[in-house]
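Biologist: Before we begin, could you put the model on the screen, and shall we then go through its helix packing and its interior one question at a time?

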Amino acid sequence: MIKILLCDDHAVVRMGLKMLLNNHPDMEVIGEASEGNEGIQRALELQPNVVVMDLSMPHGKDGLSATSELKKLMPEVAILILTMHDDDEYLFRTIQAGASGCILKSAPHEELLVAIRSLSNGNAYLHPSATKRVMEEYLGSVKQGAADSINLLSDREKEVLTLIAKGFSNKEIAGQLVISVKTVESHKGNLMEKLKMKTRHELVAFALKKGLLGYGI
């Protein structure tokens, strides 16, 4: 049995959700709250498996603040955010607050059932359009990480790059690092290849941008 706590400032919404959820043999609404502070207290008292939390509750503590506080007090509880806002700002704020799922108020009731069951099994749930955006954001960050070529350089190559940017010659770099000039030239060639650069000026600009000289641009 999935024990559910409803937290929404509209009594009619809570009544409708309660009737819907209690109509399923694997679910039971064990409590209700009209704002965040009450939701936290009821959750501590009743120990639900899933809290369905309205995002926007103008009176008392809002859904985001309540979610963040409740997760600190009850890390094991799964919180499903119910919202009418389908945009990235609210989506990522709910994830950061510790919610396990997010669903639109306009979603069909079948989706709500799927989301609650998913959360009760220890999984996360995002409504379809949100899932697509999160994947795009993730893939974009992966691509950005791949494009950040500084991560491709070894510690020695970074040392050589820093000294090049400071204006030292190959011979001077060899002396400072106690390696041969040929080894310096080899490192320089590897730098050019990894960073896809052809001139010393490009290397200097890159080193500045990455803050290898202690300051960036």
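Biologist: Bearing in mind that this is a predicted model, in which hand does H7 pass H8?

Modeller: In this predicted model, the helices concerned are H7, which spans residues 155–165, and H8, which spans residues 170–177. The crossing in which H7 passes H8 is right-handed.

Biologist: Are H7 and H8 parallel, antiparallel, perpendicular or oblique to each other?

Modeller: The two axes come within 10 Å and cross at roughly 130°. Angles over 145 degrees would count as roughly antiparallel and those from 65 to 115 as roughly perpendicular, so the relation of H7 to H8 is oblique.

Biologist: Which residues of H8 make the contact with H7, and how many charged residues does that contact have?

Modeller: On the H7 side the contact is made by Arg 156, Glu 159, Val 160, Leu 163 and Ile 164, while H8 brings Ile 173, Gln 176 and Leu 177. Sorted by class, the contact has five nonpolar residues and one polar residue, and the number of charged residues is two.

Biologist: Which helices are included in what covers the buried residues of H10?

Modeller: Helix H10 runs over residues 200–209, and its buried residues are Leu 203, Phe 206, Ala 207 and Leu 208. Just after this helix, Gly 211 takes a positive phi of about 75°. The cover over the buried residues of H10 includes H7 and H9.

Biologist: Which helix or strand gives the most to the largest nonpolar core?

Modeller: That core has 21 residues, and those with the most contacts inside it are Val 51, Met 53, Leu 70, Val 77, Ile 79 and Ile 81. At least two residues each come from strands E1, E3 and E4 and from helices H2, H3 and H4. The element that gives the most to this core, with three residues, is H3.

Biologist: Is Thr 94 buried or exposed?

Modeller: Thr 94 lies in helix H4, residues 88–97. Apart from its neighbours within four places in sequence, Thr 94 is in contact with Leu 55, Leu 64, Ile 81, Ala 99 and Cys 102. Its relative accessible area is 2%, and because the cut-off is under 20%, Thr 94 counts as buried.

Biologist: With which residues is Val 77 in contact, leaving aside its neighbours within four places in sequence?

Modeller: Val 77 is among the residues with the most contacts inside the largest nonpolar core. Once those sequence neighbours are left aside, its contacts are Pro 48, Asn 49, Val 51, Leu 70 and Lys 71.

Technical notes: Residues are numbered from 1 along each chain as its sequence is written. This is a predicted model: local features need pLDDT of at least 70, side-chain atom pairs count only at pLDDT 80 or more; totals for chains, interfaces and linings use all residues. Side-chain values use heavy atoms; hydrogens and water are left out. Helices (H or I, at least four residues) and strands (E, at least two) are DSSP runs, numbered from the N terminus. Buried means under 20% relative accessible area, exposed over 50%, partly exposed in between (1.4 Å probe, protein chains only). Contact means heavy atoms within 4.5 Å. Axes are lines fitted to C-alpha atoms, for helices over the stretch in contact, and angles run from 0 to 180 degrees between N-to-C directions. Angles under 35 degrees count as roughly parallel, over 145 as roughly antiparallel, 65 to 115 as roughly perpendicular and the rest as oblique. A crossing is left-handed if the near helix is turned anticlockwise from the far one by less than a right angle, and right-handed if clockwise. Ala, Val, Leu, Ile, Met, Phe, Trp, Tyr, Cys and Pro count as nonpolar, Asp, Glu, Lys and Arg as charged, and the others, Gly among them, as polar. A nonpolar core is a set of buried Ala, Val, Leu, Ile, Met, Phe, Trp, Tyr and Cys residues joined through side-chain atoms within 4.5 Å.
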